[in-house]
Every structure is written in structure tokens, then in C-alpha cells.
Amino acid sequence: MATYDSQKRANNEYRKRNVRAFNLKFYPGDSDILGWFEDQPNKAQYLKELIRHDMQAAKQGGGQ
């Protein structure tokens with residue numbers, strides 16, 4: 001299925017308005033964390049699940 005220029009423009013505009021991106025840096029002292037993170041097959045999903053778990057724990061009074 002061909003993607004038309006109008007559809008590409010619409011997708012780009014949607015992403016520009018609705019999608020947020022963050023940059024995560026690992027320093028040499030974080031090599032153990034980096035190794036674990038690199039082993040995850042879907043890094044975005046992994047981070048989202050960690051955050052949701054933390055949010056749920058905070059709601060139940062087990063927050064930080």
C-alpha cells in the first residue's frame with residue numbers, strides 16, 4: 001500500500017503535536033543498568049511498564 005504525501009504530512013503533523021520523546025543517558029557507572037536495559041526486547045514498553053508499576057505502587061501508599 002502506497003503512502004501518499006498528504007498522509008505523510010498528516011502523520012508528521014500528528015507526531016509533532018502529540019508525541020513526546022525523551023533522551024536517556026547512561027554513564028560508565030551505570031553499566032549494570034545499561035546491560036539490563038539493552039537486553040530488553042522492547043525498550044519503550046519496558047520503561048512504560050516500570051512507570052505504570054511505580055504509579056500503581058504510589059497510589060496504594062507504597063510510593064517513594
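**Entry 1: aromatic pairs**

I searched the whole structure for aromatic pairs and found 1. The model is a predicted one, and I read it as such. The partners are Phe26 and Phe37. I noted 5.7 Å from centre to centre and 35° between the planes. I logged the pair as tilted, because planes under 30 degrees apart would count as stacked and over 60 as edge-to-face.

Next I looked up where the two rings sit. Phe26 lies in the loop between helix 1 (5–18) and helix 2 (31–38). Phe37 belongs to helix 2. The two residues are 11 apart, and I noted that their pair links distant parts of the chain.

Are the two rings buried or exposed? I checked each in turn. Phe26 is partly exposed, at a relative accessible area of 27%. Phe37 has 14% relative accessibility and counts as buried, because the cut-off for buried is under 20%.

**Entry 2: the whole chain**

I then stepped back to the fold. I counted 3 helices and 0 strands in the chain. Read from the N terminus, the order of elements is α-α-α. I compared the radius of gyration with the globule rule: the chain has 18 Å, and the rule gives 11 Å for 64 residues. The chain's value is well over the rule's, so I wrote the chain down as more spread out than a compact globule. I also took the span of the C-alpha trace along its principal axes, which is about 45 × 35 × 20 Å.

How much of the chain is buried? I found that buried residues make up 3% of the 64 residues. Phe37 is one of the residues that count as buried. For the surface, I noted about 6,400 Å² exposed by the chain. Carbon and sulfur atoms supply 53% of that area.

**Entry 3: charges and the salt bridge**

I counted charges next. The chain carries 11 positive and 8 negative ones. Their mean positions lie 13 Å apart.

How many salt bridges does the whole structure hold? My search returned 1. The side chains of Glu13 and Arg17 form this bridge, with 3.9 Å from N to O. I kept it because the cut-off is within 4 Å. Both residues are in helix 1. They are 4 residues apart, which means a separation of about one helical turn.

I looked up the accessibility of both partners. Glu13 is partly exposed, with a relative accessible area of 35%. Arg17 reaches 59% and counts as exposed.

**Entry 4: two more charged residues**

I picked Asp5 and found its place in helix 1. Asp5 has 54% relative accessibility, so I marked Asp5 as exposed. I then took the C-alpha distance from Asp5 to Arg15 and got 15 Å. These two are 10 residues apart in sequence.

Where is Lys25? I found Lys25 in the loop between helix 1 and helix 2. Phe26 is in that loop too. Lys25 counts as exposed, with 56% relative accessibility. My last distance was from Lys25 to Ser6, which are 19 residues apart along the chain. Their C-alpha atoms are separated by 35 Å.

Terms used. Residues are numbered from 1 along each chain as its sequence is written. This is a predicted model: local features need pLDDT of at least 70, side-chain atom pairs count only at pLDDT 80 or more; totals for chains, interfaces and linings use all residues. Side-chain values use heavy atoms; hydrogens and water are left out. Rings of Phe, Tyr and Trp (its six-membered ring) pair if their centres lie within 6.5 Å; planes under 30 degrees apart count as stacked, over 60 as edge-to-face and the rest as tilted. Buried means under 20% relative accessible area, exposed over 50%, partly exposed in between (1.4 Å probe, protein chains only). The radius of gyration is taken over C-alpha atoms; the globule rule is 2.2 Å times the number of residues to the power 0.38. Accessible areas come from the Shrake-Rupley method with a 1.4 Å probe; for residues, only the protein chains shown count as cover. Lys and Arg count as positive and Asp and Glu as negative; His and the chain ends are not counted. The place of a charge is taken as NZ of Lys, CZ of Arg, CG of Asp or CD of Glu.
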